[in-house]
Amino acid sequence: MTVQVIASAPGKVTLFGEHAIVYGEPAIVTAISRRLYVKTTLRSDKNLKISAMDLKIPGIVLTFISDTGELTLETDYGRVVSAVSYIKKAVELTANYVGEMKGANIEVRSTMPVGAGLGTSAAVAVATVASYAYALGYELSQREIAKLGHRTELEVQGAASPMDTSIATYGGTLYIKPRTGEPIIEHLKLKNEHPIVIGYVERKSTTKELVAKVKRLKRKREEIISTIIRLIGKVTEEAKIALLKGNVVDVGELMNINHGLLDALGVSTKELNDLVYAARQAGALGSKLTGAGGGGCMIALAPGRIAEVSTAISIIGGAPMDAQISAKGVTVEIQK
Ligand code: MEV
(Lines give C-alpha, C1' and ligand atoms only; values in the text may rest on other atoms or scores of the structure.)
Protein backbone atom coordinates (compact mmCIF):
# COMPACT_ATOMS: atom_id res chain seq x y z
CA MET A 1 0.00 0.00 0.00
CA THR A 2 1.36 3.46 -0.92
CA VAL A 3 1.30 5.90 1.95
CA GLN A 4 0.97 9.57 1.11
CA VAL A 5 1.86 12.24 3.63
CA ILE A 6 0.34 15.68 3.14
CA ALA A 7 1.75 18.54 5.19
CA SER A 8 0.30 21.98 4.90
CA ALA A 9 1.56 25.34 6.13
CA PRO A 10 -0.18 28.72 6.16
CA GLY A 11 0.76 31.91 4.39
CA LYS A 12 1.18 35.05 6.47
CA VAL A 13 0.67 38.75 6.53
CA THR A 14 2.61 41.19 8.63
CA LEU A 15 0.07 43.19 10.62
CA PHE A 16 2.55 45.71 12.01
CA GLY A 17 6.24 46.53 11.99
CA GLU A 18 7.71 45.45 8.63
CA HIS A 19 10.95 47.25 7.75
CA ALA A 20 11.28 48.56 11.32
CA ILE A 21 12.02 44.97 12.43
CA VAL A 22 15.20 45.13 10.33
CA TYR A 23 16.40 47.78 12.82
CA GLY A 24 15.44 45.87 15.97
CA GLU A 25 11.87 47.09 16.42
CA PRO A 26 9.09 44.53 17.06
CA ALA A 27 6.67 43.21 14.44
CA ILE A 28 3.33 41.41 14.63
CA VAL A 29 2.73 38.70 12.05
CA THR A 30 -0.25 36.42 11.59
CA ALA A 31 -0.93 33.16 9.77
CA ILE A 32 -3.72 33.37 7.19
CA SER A 33 -6.28 30.81 6.10
CA ARG A 34 -4.58 30.33 2.73
CA ARG A 35 -2.36 27.29 2.73
CA LEU A 36 0.27 25.52 0.75
CA TYR A 37 0.22 21.72 0.62
CA VAL A 38 3.15 19.36 0.10
CA LYS A 39 2.37 15.71 -0.60
CA THR A 40 5.19 13.16 -0.26
CA THR A 41 5.05 9.62 -1.56
CA LEU A 42 8.19 7.58 -1.01
CA ARG A 43 9.71 5.81 -4.01
CA SER A 44 11.68 2.61 -4.18
CA ASP A 45 14.55 4.34 -6.02
CA LYS A 46 16.70 7.32 -5.08
CA ASN A 47 15.01 9.89 -7.31
CA LEU A 48 13.29 13.00 -6.10
CA LYS A 49 10.50 14.03 -8.45
CA ILE A 50 8.87 17.37 -7.90
CA SER A 51 5.69 18.66 -9.46
CA ALA A 52 4.18 21.98 -8.53
CA MET A 53 1.32 22.82 -10.85
CA ASP A 54 -0.02 25.73 -8.76
CA LEU A 55 3.41 27.32 -8.72
CA LYS A 56 3.01 27.83 -12.46
CA ILE A 57 5.03 24.83 -13.60
CA PRO A 58 2.21 23.01 -15.38
CA GLY A 59 3.01 19.39 -15.86
CA ILE A 60 6.74 19.68 -15.28
CA VAL A 61 8.30 16.95 -13.24
CA LEU A 62 11.94 17.21 -12.29
CA THR A 63 14.39 14.58 -11.32
CA PHE A 64 17.09 15.54 -8.87
CA ILE A 65 19.54 13.64 -6.67
CA SER A 66 22.35 13.35 -9.21
CA ASP A 67 21.33 16.57 -10.93
CA THR A 68 21.97 19.73 -8.92
CA GLY A 69 20.35 22.02 -11.51
CA GLU A 70 17.97 24.70 -10.28
CA LEU A 71 14.83 25.94 -11.92
CA THR A 72 13.52 29.48 -11.67
CA LEU A 73 9.84 30.06 -12.19
CA GLU A 74 8.17 33.05 -13.71
CA THR A 75 4.82 33.65 -12.01
CA ASP A 76 1.73 35.64 -12.96
CA TYR A 77 2.80 38.24 -10.44
CA GLY A 78 5.86 39.24 -12.41
CA ARG A 79 8.23 37.81 -9.82
CA VAL A 80 10.83 35.20 -10.36
CA VAL A 81 10.82 32.59 -7.65
CA SER A 82 12.74 29.39 -7.31
CA ALA A 83 10.28 27.27 -5.40
CA VAL A 84 11.97 24.10 -6.55
CA SER A 85 15.23 25.09 -4.89
CA TYR A 86 13.41 25.47 -1.54
CA ILE A 87 11.92 21.98 -1.91
CA LYS A 88 15.23 20.44 -2.89
CA LYS A 89 17.12 22.15 -0.04
CA ALA A 90 14.43 21.28 2.53
CA VAL A 91 14.61 17.60 1.50
CA GLU A 92 18.43 17.58 1.68
CA LEU A 93 18.53 19.24 5.11
CA THR A 94 15.80 16.96 6.48
CA ALA A 95 17.49 13.81 5.12
CA ASN A 96 20.78 14.86 6.73
CA TYR A 97 19.06 15.77 9.99
CA VAL A 98 17.28 12.43 10.41
CA GLY A 99 20.19 10.52 8.84
CA GLU A 100 18.13 8.79 6.20
CA MET A 101 17.59 9.43 2.50
CA LYS A 102 14.90 7.91 0.31
CA GLY A 103 13.61 8.89 -3.11
CA ALA A 104 10.19 10.53 -3.18
CA ASN A 105 7.52 12.08 -5.35
CA ILE A 106 6.76 15.54 -4.03
CA GLU A 107 3.70 17.38 -5.19
CA VAL A 108 2.98 20.97 -4.20
CA ARG A 109 -0.37 22.74 -4.28
CA SER A 110 -1.04 26.29 -3.23
CA THR A 111 -4.22 28.20 -2.46
CA MET A 112 -2.36 31.50 -2.47
CA PRO A 113 -0.40 33.37 -5.11
CA VAL A 114 3.33 32.82 -5.17
CA GLY A 115 5.84 35.66 -4.92
CA ALA A 116 3.23 38.16 -3.74
CA GLY A 117 4.65 38.61 -0.24
CA LEU A 118 2.45 36.08 1.56
CA GLY A 119 5.36 33.98 2.78
CA THR A 120 5.01 31.16 0.26
CA SER A 121 8.73 30.33 0.27
CA ALA A 122 8.63 29.81 4.05
CA ALA A 123 5.44 27.74 3.71
CA VAL A 124 7.08 25.58 1.02
CA ALA A 125 10.17 25.08 3.19
CA VAL A 126 8.24 24.24 6.37
CA ALA A 127 5.66 21.96 4.72
CA THR A 128 8.36 20.09 2.78
CA VAL A 129 10.40 19.45 5.93
CA ALA A 130 7.35 18.17 7.83
CA SER A 131 5.99 16.09 4.96
CA TYR A 132 9.26 14.43 3.93
CA ALA A 133 10.36 13.73 7.53
CA TYR A 134 7.00 12.19 8.36
CA ALA A 135 7.09 10.03 5.22
CA LEU A 136 10.47 8.73 6.39
CA GLY A 137 8.89 7.89 9.76
CA TYR A 138 10.08 10.87 11.81
CA GLU A 139 7.58 13.08 13.59
CA LEU A 140 9.60 16.24 14.12
CA SER A 141 8.67 18.77 16.80
CA GLN A 142 7.53 22.24 15.74
CA ARG A 143 10.84 23.64 16.98
CA GLU A 144 12.78 21.20 14.78
CA ILE A 145 10.57 22.00 11.76
CA ALA A 146 10.93 25.76 12.31
CA LYS A 147 14.72 25.45 12.58
CA LEU A 148 15.07 23.30 9.44
CA GLY A 149 12.64 25.57 7.59
CA HIS A 150 14.65 28.63 8.57
CA ARG A 151 17.92 26.96 7.53
CA THR A 152 16.33 26.15 4.16
CA GLU A 153 15.46 29.82 3.61
CA LEU A 154 18.88 30.93 4.79
CA GLU A 155 20.71 28.57 2.44
CA VAL A 156 18.53 29.34 -0.57
CA GLN A 157 18.30 33.11 -0.05
CA GLY A 158 21.55 33.86 1.74
CA ALA A 159 19.67 35.92 4.38
CA ALA A 160 16.32 35.52 6.10
CA SER A 161 14.82 36.48 9.44
CA PRO A 162 13.07 33.62 11.29
CA MET A 163 9.78 35.57 11.08
CA ASP A 164 8.20 33.79 8.10
CA THR A 165 9.28 30.25 8.95
CA SER A 166 8.19 30.73 12.59
CA ILE A 167 4.69 31.81 11.62
CA ALA A 168 4.41 29.05 8.96
CA THR A 169 5.30 26.51 11.67
CA TYR A 170 3.51 27.77 14.77
CA GLY A 171 0.61 29.63 13.15
CA GLY A 172 -1.55 32.01 15.17
CA THR A 173 -0.43 35.56 15.66
CA LEU A 174 3.12 36.21 16.83
CA TYR A 175 4.79 39.24 18.35
CA ILE A 176 8.45 39.07 17.37
CA LYS A 177 11.16 41.33 18.74
CA PRO A 178 14.70 40.77 17.52
CA ARG A 179 17.49 40.72 20.09
CA THR A 180 21.01 39.36 20.19
CA GLY A 181 20.80 35.58 20.07
CA GLU A 182 17.24 34.28 19.78
CA PRO A 183 14.39 36.74 19.11
CA ILE A 184 11.59 37.18 21.65
CA ILE A 185 8.54 35.36 20.21
CA GLU A 186 5.19 35.71 21.99
CA HIS A 187 1.93 34.08 20.91
CA LEU A 188 -0.85 36.68 21.01
CA LYS A 189 -4.30 35.41 21.92
CA LEU A 190 -6.60 37.73 20.01
CA LYS A 191 -9.84 38.54 21.76
CA ASN A 192 -11.94 39.31 18.70
CA GLU A 193 -12.25 38.08 15.14
CA HIS A 194 -10.27 40.28 12.79
CA PRO A 195 -11.62 39.56 9.28
CA ILE A 196 -9.29 40.95 6.67
CA VAL A 197 -9.23 41.40 2.93
CA ILE A 198 -5.89 41.02 1.18
CA GLY A 199 -5.46 42.93 -2.05
CA TYR A 200 -2.53 42.45 -4.38
CA VAL A 201 -1.06 44.20 -7.35
CA GLU A 202 1.98 43.36 -9.40
CA ARG A 203 5.24 43.76 -7.54
CA LYS A 204 7.81 46.09 -9.05
CA SER A 205 10.71 45.69 -6.63
CA THR A 206 12.14 42.85 -4.61
CA THR A 207 12.30 42.73 -0.81
CA LYS A 208 16.07 43.05 -1.06
CA GLU A 209 15.83 46.24 -3.12
CA LEU A 210 13.29 47.78 -0.75
CA VAL A 211 15.28 46.99 2.37
CA ALA A 212 18.31 48.56 0.66
CA LYS A 213 16.26 51.63 -0.30
CA VAL A 214 15.28 52.26 3.33
CA LYS A 215 18.87 51.76 4.41
CA ARG A 216 20.09 54.38 1.90
CA LEU A 217 17.46 56.88 3.01
CA LYS A 218 18.35 56.25 6.64
CA ARG A 219 22.03 56.89 5.91
CA LYS A 220 21.13 60.16 4.21
CA ARG A 221 18.55 61.37 6.76
CA GLU A 222 19.56 59.49 9.88
CA GLU A 223 17.58 61.47 12.44
CA ILE A 224 14.30 61.62 10.50
CA ILE A 225 14.32 57.98 9.36
CA SER A 226 15.42 56.64 12.77
CA THR A 227 12.55 58.56 14.31
CA ILE A 228 10.06 57.05 11.83
CA ILE A 229 11.42 53.58 12.54
CA ARG A 230 11.11 54.10 16.31
CA LEU A 231 7.56 55.39 15.78
CA ILE A 232 6.66 52.22 13.85
CA GLY A 233 7.97 50.25 16.85
CA LYS A 234 5.74 52.31 19.14
CA VAL A 235 2.72 51.74 16.85
CA THR A 236 3.43 47.99 17.00
CA GLU A 237 3.59 48.01 20.82
CA GLU A 238 0.24 49.84 21.00
CA ALA A 239 -1.25 47.52 18.39
CA LYS A 240 -0.25 44.53 20.54
CA ILE A 241 -2.32 45.95 23.41
CA ALA A 242 -5.28 46.74 21.11
CA LEU A 243 -5.20 43.22 19.61
CA LEU A 244 -5.08 41.61 23.06
CA LYS A 245 -7.99 43.77 24.25
CA GLY A 246 -9.97 43.02 21.08
CA ASN A 247 -10.25 46.71 20.28
CA VAL A 248 -10.67 46.49 16.49
CA VAL A 249 -11.23 50.24 16.08
CA ASP A 250 -7.82 50.99 17.62
CA VAL A 251 -6.22 48.19 15.58
CA GLY A 252 -7.59 49.78 12.40
CA GLU A 253 -6.45 53.27 13.38
CA LEU A 254 -2.95 51.99 14.14
CA MET A 255 -2.86 50.20 10.76
CA ASN A 256 -3.55 53.54 9.07
CA ILE A 257 -0.75 55.23 11.03
CA ASN A 258 1.62 52.35 10.22
CA HIS A 259 0.82 52.71 6.52
CA GLY A 260 1.53 56.45 6.58
CA LEU A 261 4.90 55.79 8.19
CA LEU A 262 5.76 53.08 5.64
CA ASP A 263 4.82 55.50 2.85
CA ALA A 264 7.16 58.04 4.43
CA LEU A 265 9.94 55.43 4.23
CA GLY A 266 9.32 55.29 0.48
CA VAL A 267 8.22 51.64 0.20
CA SER A 268 4.63 52.13 -0.96
CA THR A 269 3.52 52.68 -4.56
CA LYS A 270 0.66 54.61 -6.13
CA GLU A 271 -1.13 51.33 -6.89
CA LEU A 272 -0.82 50.14 -3.28
CA ASN A 273 -1.91 53.54 -1.93
CA ASP A 274 -4.93 53.48 -4.24
CA LEU A 275 -5.97 50.08 -2.84
CA VAL A 276 -5.35 51.22 0.74
CA TYR A 277 -7.57 54.30 0.30
CA ALA A 278 -10.25 52.48 -1.70
CA ALA A 279 -10.54 49.96 1.16
CA ARG A 280 -10.99 52.72 3.73
CA GLN A 281 -13.63 54.44 1.58
CA ALA A 282 -15.50 51.13 1.34
CA GLY A 283 -15.71 50.93 5.12
CA ALA A 284 -12.50 49.21 6.27
CA LEU A 285 -11.54 50.14 9.84
CA GLY A 286 -7.92 50.35 8.74
CA SER A 287 -5.65 49.38 5.88
CA LYS A 288 -1.96 49.27 5.11
CA LEU A 289 0.57 47.70 2.83
CA THR A 290 1.94 44.44 4.17
CA GLY A 291 5.39 42.99 3.68
CA ALA A 292 8.17 44.77 1.89
CA GLY A 293 5.98 46.96 -0.37
CA GLY A 294 6.90 48.07 -3.91
CA GLY A 295 3.58 46.58 -5.01
CA GLY A 296 2.56 43.18 -3.70
CA CYS A 297 -0.01 43.00 -0.93
CA MET A 298 -2.06 45.31 1.23
CA ILE A 299 -4.45 44.34 3.99
CA ALA A 300 -7.70 45.88 5.15
CA LEU A 301 -9.40 45.17 8.46
CA ALA A 302 -13.03 44.99 7.42
CA PRO A 303 -15.43 43.46 9.93
CA GLY A 304 -18.87 43.29 8.28
CA ARG A 305 -17.54 44.93 5.09
CA ILE A 306 -15.66 42.10 3.38
CA ALA A 307 -17.79 42.16 0.21
CA GLU A 308 -17.73 45.97 -0.13
CA VAL A 309 -13.97 46.21 0.42
CA SER A 310 -13.27 43.33 -1.98
CA THR A 311 -15.36 45.01 -4.68
CA ALA A 312 -13.63 48.36 -4.13
CA ILE A 313 -10.23 46.68 -4.49
CA SER A 314 -11.13 44.86 -7.69
CA ILE A 315 -12.75 47.94 -9.30
CA ILE A 316 -9.39 49.72 -9.26
CA GLY A 317 -7.42 46.77 -10.57
CA GLY A 318 -6.35 44.92 -7.44
CA ALA A 319 -6.98 41.22 -6.87
CA PRO A 320 -8.84 40.71 -3.59
CA MET A 321 -9.02 37.64 -1.40
CA ASP A 322 -10.55 37.29 1.99
CA ALA A 323 -8.76 35.44 4.74
CA GLN A 324 -9.15 34.64 8.39
CA ILE A 325 -6.11 35.46 10.49
CA SER A 326 -4.46 33.47 13.31
CA ALA A 327 -4.75 30.29 11.22
CA LYS A 328 -3.21 26.96 12.24
CA GLY A 329 0.50 26.35 11.77
CA VAL A 330 1.97 23.33 10.01
CA THR A 331 -0.21 20.20 10.05
CA VAL A 332 0.42 16.67 8.78
CA GLU A 333 -2.12 14.20 7.48
CA ILE A 334 -1.65 10.64 6.21
CA GLN A 335 -3.59 9.12 3.33
CA LYS A 336 -3.48 5.36 2.81
C1 MEV B 1 9.41 41.59 4.36
O2 MEV B 1 8.32 40.67 4.38
C3 MEV B 1 9.58 42.21 5.70
C4 MEV B 1 10.77 43.18 5.82
O5 MEV B 1 10.68 43.73 7.12
C6 MEV B 1 12.09 42.49 5.63
C7 MEV B 1 12.46 41.54 6.77
O8 MEV B 1 11.90 41.58 7.86
O9 MEV B 1 13.41 40.72 6.55
C10 MEV B 1 10.66 44.31 4.82
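The paragraphs below lead through the nonpolar cores of this predicted model and then through one of its pockets. Residues are numbered from 1 along each chain as its sequence is written, and side-chain values use heavy atoms, with hydrogens and water left out. Because the model is predicted, local features need pLDDT of at least 70 and side-chain atom pairs count only at pLDDT 80 or more, while totals for chains, interfaces and linings use all residues.

The largest nonpolar core (buried Ala, Val, Leu, Ile, Met, Phe, Trp, Tyr and Cys residues joined through side-chain atoms within 4.5 Å, where buried means under 20% relative accessible area with a 1.4 Å probe and protein chains only) has 88 residues, and those with the most contacts inside it are Phe16, Ile198 and Val309. Helix H2, residues 120-136, gives the most to this core, with 10 residues; helices are DSSP runs of H or I with at least four residues, numbered from the N terminus. Leaving aside residues up to four places away in sequence, Val309 touches Val197, Ala279, Ala282, Ala284, Ala300 and Ala302, a contact being heavy atoms within 4.5 Å. A second, separate core of 9 residues includes Ile21, Ala27, Ile167 and Ala327.

Among the residues lining the second largest pocket are Arg143, Lys147, His150, Thr165 and Glu182; a pocket is an open set of points on a 1 Å grid over the protein atoms alone, where a 1.4 Å probe fits, with protein on both sides within 12 Å along at least five of seven lines, and lining residues have an atom within 4 Å of a point. The largest share of this lining, 4 residues, comes from H3. His150 is found in helix H3 and is buried, with a relative accessible area of 18%. Not counting residues up to four places away in sequence, His150 touches Ala160, Ser161, Pro162 and Thr165.

Definitions and conventions
Buried means under 20% relative accessible area, exposed over 50%, partly exposed in between (1.4 Å probe, protein chains only). Helices (H or I, at least four residues) and strands (E, at least two) are DSSP runs, numbered from the N terminus.
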